[in-house]
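Let's take a walk through this model together. Keep the structure open in a viewer and turn it as you read.

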Amino acid sequence: MPLLQVRDVPEDLYERLSQIAEQENRSITQETIVLLRKALNYKESRISRRKRILSEIRNDIIIDSNRFPDPAVLIREDRER
């Protein structure tokens, strides 16, 4: 994924962005992407977005999945705390 770095952002703009991100329960990066998409009228249909995300998930390769602990054991340990 490309990296975008913005320098010399005015402090008041950064503070406002930070406040909005907190209100929306997003990171500053996530909120910046949302606002840029809105500003650029970027629209991706829900279906195409879901297909893209599912494709990304399918393409993620889990290496050595046999080393993961048994979920039942983890749940039992958590309940016993």
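Start with Ser48, which you'll find in helix α3. Ser48 has a relative accessibility of 30%, so it counts as partly exposed. Now look for Asp8: its C-alpha atom and that of Ser48 are separated by 36 Å, with the two positions 40 residues apart along the chain. Before going further, keep in mind that this is a predicted model. The mean pLDDT of the chain is 89, and 100% of the residues reach at least 70.

Stay on α3 for a moment. This helix covers residues 46-59 and has the lowest mean pLDDT among the elements of the chain, 88, while α1 has the highest, 96. How far apart are the end C-alpha atoms of α3? They sit 20 Å from each other, and that agrees with the span expected for 14 residues at 1.5 Å a residue, which is also 20 Å. As for its surroundings, the number of buried residues in α3 is 0 out of 14, so the helix lies largely in the open.

There's a salt bridge to look at on this helix, too. Arg52 pairs with Glu56, and their closest N and O atoms are 3.1 Å apart. Why can these two find each other? They are 4 residues apart in α3, so about one helical turn separates them. In general, side chains of opposite charge can pair when their charged atoms come close. Both partners are partly exposed: Glu56 has a relative accessibility of 42%, and Arg52 has 33%.

How many salt bridges does the structure hold? There are 3 of them. Next, try the one between Arg26 and Glu31, where N and O are 2.8 Å apart. Is Glu31 buried or exposed? With a relative accessible area of 2%, Glu31 falls under the 20% cut-off, so it is buried. Its partner Arg26 is partly exposed, at 31% relative accessibility. Then go along the chain to Arg81 and Asp78, whose side chains also meet in a salt bridge, with 2.8 Å from N to O. Here Arg81 is exposed, at 81% relative accessibility, and Asp78 is partly exposed, at 46%.

Glu31 belongs to the stretch 28-39 that makes up α2, and this helix matters for the next stop, the largest pocket. Which helix gives the most to the lining of that pocket? It's α2, with 10 residues. The pocket holds about 1400 Å³ of space. Its lining is made of 31 residues, and those nearest the centre are Thr29, Gln30, Thr32, Ile33 and Val34. Besides α2, the helices α1 (11-23) and α3 each supply at least two residues of the lining. If you color the lining by class, you'll get 17 nonpolar, 5 polar and 9 charged residues.

Now for a couple of backbone details. Go back to Asp8, which sits in the segment before α1. Its phi is near 60 degrees, a positive value in a residue that isn't glycine. Asp8 has a relative accessibility of 77%, so it counts as exposed. On the other side of α1, Asn25 lies in the loop between α1 and α2. Asn25 isn't a glycine either, yet its phi is positive, at about 55 degrees. What about its exposure? Asn25 has a relative accessible area of 70%, over the 50% cut-off, so it is exposed.

Finish at Val73, in helix α4, which runs over residues 71-80. Val73 is partly exposed, with 33% relative accessibility. Its C-alpha atom is separated by 35 Å from that of Glu22, and the two residues are 51 apart along the chain. Asp78, one half of the salt bridge with Arg81, falls within the residue range of α4 as well.

Conventions:
Residues numbered from 1 in each chain as written. Predicted model: local features only at pLDDT ≥ 70, side-chain atom pairs only at ≥ 80, totals over all residues. Heavy atoms only, no water. 1 Å grid on protein atoms, 1.4 Å probe; cavity = no way out; pocket = protein on both sides within 12 Å on 5 of 7 lines; lining within 4 Å. Points joined across faces, edges and corners; volume = space filled by probe spheres on them. Nonpolar A, V, L, I, M, F, W, Y, C, P; charged D, E, K, R; others polar. Salt bridge = Lys/Arg side-chain N within 4 Å of Asp/Glu carboxyl O. Buried < 20%, exposed > 50% of the residue type's maximum accessible area, 1.4 Å probe, protein only. pLDDT = per-residue confidence, 0-100. Expected span 1.5 Å × (residues − 1).
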